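Subject: Structure handover

Hello,

Here is the structure we talked about passing on. Please open it first, then read the notes below.

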Amino acid sequence: MGVTVRLPIPLRSLADGRTSVVVHGSNVLEVLRALEEGYPGIGPMLFDESGEVRRHINIYVNDAVIRFLRKLRPPRVEGDELTIIPAISGGRSQS
């Protein structure tokens with residue numbers, strides 16, 4: 001069955017232009033690692049040097065936000081939808 005991973009625009013070029021892909025894993029972290037393995041170049045965009053999900057990356061499982069590593073290991077994700085959304089920060093206006 002797998003997990004459908006919806007990709008943001010910055011990651012699509014690393015996944016042959018696809019808006020979503022299906023990968024397998026028993027928890028969110030395994031799904032992200034499978035994504036990294038299947039689509040080289042995505043890993044550095046998702047993970048920092050210590051292997052943690054980058055702070056500016058928001059991950060949703062079926063519309064519920066997952067923010068901390070301990071939450072990346074729910075008991076089941078097969079058949080779910082995972083969405084990766086990079087946080088957007090703005091600067092101060094200069095008026």
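This is a predicted model. The notes follow the strands.

Start with the pairing of strand E1 and strand E5 (residues 81–86). The two run parallel, and three bridges join them. Look at Val5 for one contact point: its bridge partner in E5 is Leu82.

E1 itself covers residues 3–6, and its side chains alternate. Val3 and Val5 point to one face and are buried. Thr4 and Arg6 point to the other face and are not buried. So that you can apply the same cut-off, buried means under 20% relative accessible area.

E1 also pairs with strand E2 (residues 20–23). This pairing is antiparallel, with four bridges. Here Arg6 has Ser20 in E2 as its bridge partner.

Now to E3, residues 57–61. E3 pairs with E5 in the antiparallel sense, over five bridges. Val61 has Leu82 in E5 as its bridge partner. Leu82 is also the partner of Val5. E3 is mostly covered, with four of its five residues buried.

E3 has a pairing with E4 as well. They run antiparallel and are joined by three bridges. Tyr60 stands opposite Val65 in E4. Two residues lie between E3 and E4, and the two strands form a hairpin. In the turn, Asn62 has a positive phi of about 50 degrees.

Put together, what is the strand order in the sheet? It reads E2-E1-E5-E3-E4. The sheet is open, has five strands and shows mixed pairing. E2 and E4 (64–66) stand at the edges and have a single partner strand each, so one side of each is left without a neighbour in the sheet. On average, neighbouring strands of the sheet are turned by 30 degrees against each other, direction ignored.

One helix belongs in this picture. Helix H2 (residues 28–38) packs on the sheet. H2 touches E1, E2, E3 and E5. The direction of H2 makes about 70 degrees with that of E5.

If you want a quick route through the model, begin at Leu82 in E5. From there, go to Val5 on one side of the pairing list and to Val61 on the other. Then follow E3 into its hairpin with E4.

Best wishes

Definitions and conventions
Residues are numbered from 1 along each chain as its sequence is written. This is a predicted model: local features need pLDDT of at least 70, side-chain atom pairs count only at pLDDT 80 or more; totals for chains, interfaces and linings use all residues. Side-chain values use heavy atoms; hydrogens and water are left out. Buried means under 20% relative accessible area, exposed over 50%, partly exposed in between (1.4 Å probe, protein chains only). Two strands pair if DSSP finds at least two bridges between them. Axes are lines fitted to C-alpha atoms, for helices over the stretch in contact, and angles run from 0 to 180 degrees between N-to-C directions. Contact means heavy atoms within 4.5 Å.
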